[in-house]
Amino acid sequence: MQKKPRRTAICIEWNKKYLLLHSSFPWSASGERLSPQNIQYFGLIVPACMLLLGLTLQACWMVLREQRFLLWIAAGYFLPSVALAAQSLMDNAQLARWSMLAGTFYLMGSWALAHGMAKRQGGRAFGALALAIGVTCMAAMAYYTLVDEQLWIRTLWLNSSICLLYALGLPSVLRSPNAKDPFERALRWSYVSIVGLALLRPILVLNWVPGDQLERLTASRFWFLLLAITLLLGLWFMVVLLACTFRDVMRVFDDERNRDPLTRLSNRRRFFEAATRCLQMSRLQPWTILLCDIDHFKKINDRWGHAMGDKVLQQFAEVLESSVRSGDLVGRLGGDEFVLLLNRCDPESAQLVYQRVRKWLQEQPMLPAGQCITTSFGAAAIDSAHALPQAMEQADTALYRAKQAGRDCMHTMGDGLSATLRFTPSSPAPPIPLPPSAGWH
Ligand SMILES: Nc1nc2c(ncn2[C@@H]2O[C@H](COP(=O)(O)OP(=O)(O)OP(=O)(O)O)[C@@H](O)[C@H]2O)c(=O)[nH]1
């Protein structure tokens, strides 16, 4: 007689604890008990989902060709999904016959995932060691196929090897440079969970699955629970991975849009956006805009070539960045013209930045045969974001005056002030008074 469908939860008992598996499994919605085949077909849902996840990653790689690690991670989904599908359809006798082939797929998939993750972090997943683990595992499985009919010992070998292969990606994953980024942290811990699950799997199979269910493991409740966990973890891992990948790609786009490719300083657009934001924070006032231009830069290009000119621009950008406080803004407007927004700094204190830059340029000559470059600075005070265009004009006029005054000097304008300052090598540049939290680059 057909039993009534159970409406209560099915539990797995372990150490007197009960784990909810499914509210009606293995009963169909109409109350029929699912046959072992049906249960097996039901088990195909998980490999099918993993296949789809792999396809999604491959599609992402086709859009983001630079991100080659996506292909490896896609393989990390594809290969085990094939083995899992086959495994879900087989009984233990068939599994024993095909264990070597299924094992190869699992092992290759595990290493592909580890390699993809290591590649993403610019590391490596020790290919030679992975090969050694794979060959040892295969040899052990072949040996136990001959001497021991039981599947569990091969399962143990396979799962331990899978765990080791996943672990090969861990050094690179744990060495991630963006350790504080929440997305990176989520990705790192998801990967660690995958390694942990691979480690737990054989232990759980041996300790948790009742003897009668071991006979037909792939139709057991334990197997379905394991599949569900694997799928959820795989899904979660992919979501986090794609979020990180798109975030990285957007950062690259953002950089290309907003940074000067030669000096890596903010370009005109980003500088003005950032300056507008700074000028809205009253705690940062007073502010000073500084425009600076390398003197006779054209002659450097003409005499030593554009490559040398580019090098000088890059080094000069570094000098500017290291001469201001961490909250100050530095940008390249174009050619040999740079702009700075100094927070908590009036034009008088801004002279110290000029002195510091000038001293640096003198002490570390950038040109061949020890020749130094010189620069001209134009400074103007600014008191709000609205005043930015006028302050820029004023600083530009000041820069023009500095050029007219014979270059290698700084001209300051604003509040009826118009003064030229020339560098005096004997006077050491005193440091700018720092706010309590700020520090030098
Ligand atoms: N190497 C290099 N040269 C650049 C770059 N951008 C602009 N230039 C050159 O920089 C030179 C700027 O020259 P000018 O604006 O006349 O200024 P200058 O020669 O420094 O003269 P003053 O500003 O009057 O002292 C031009 O010859 C540009 O071709 C660049 O990215 N790399």
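User: Ala, Val, Leu, Ile, Met, Phe, Trp, Tyr, Cys and Pro count as nonpolar, Asp, Glu, Lys and Arg as charged, and the others, Gly among them, as polar. How do the residues of the shell around the ligand divide?

Analyst: Into four nonpolar, five polar and seven charged. This is a predicted model: local features need pLDDT of at least 70, side-chain atom pairs count only at pLDDT 80 or more, and totals for chains, interfaces and linings use all residues. Residues are numbered from 1 along each chain as its sequence is written.

User: Which residues come nearest to the ligand?

Analyst: Phe297, Lys298, His306, Gly309 and Gly335, out of 16 around the ligand (near: C-beta, placed from the backbone, within 6 Å).

User: And which elements give two or more residues to that shell?

Analyst: β3 (287–294), α12 (297–304) and α13 (306–322) do. The largest share, four residues, is from α13. Helices (H or I, at least four residues) and strands (E, at least two) are DSSP runs, numbered from the N terminus.

User: Where does β3 sit in the sheet?

Analyst: The open sheet has six strands in the order β4-β5-β3-β6-β7-β8, so β3 stands between β5 and β6, and the pairing is mixed. The edges are β4 (329–334) and β8 (417–422); each has a single partner strand, so one side of each lacks a neighbour in the sheet.

User: How does β3 pair with β5?

Analyst: β3 and β5 (residues 337–342) are antiparallel, over six bridges (pairing needs at least two DSSP bridges). Thr288 is opposite Leu342 of β5.

User: Switching topic. What does UniProt annotate as "transmembrane region"?

Analyst: The unreviewed UniProt entry gives residues 39–57, 69–89, 95–114, 126–144, 156–174, 186–210 and 222–244. Such annotations may be inferred rather than shown by experiment.

User: Helix or strand over residues 69–89?

Analyst: That span is 100% helix and 0% strand, with its end C-alpha atoms 31 Å apart. Residues 156–174 are 89% helix and 0% strand, and their end C-alpha atoms lie 26 Å apart.

User: How do α3 and α4 cross?

Analyst: The axes of α3 (residues 69–89) and α4 (residues 92–120) come within 7 Å and cross at roughly 160°. Axes are lines fitted to C-alpha atoms over the stretch in contact, with angles from 0 to 180 degrees between N-to-C directions. The two helices are therefore roughly antiparallel (over 145 degrees).

User: What residue classes are in that contact?

Analyst: The contact of α3 with α4 has 18 nonpolar, five polar and two charged residues.

Conventions: Angles under 35 degrees count as roughly parallel, over 145 as roughly antiparallel, 65 to 115 as roughly perpendicular and the rest as oblique.
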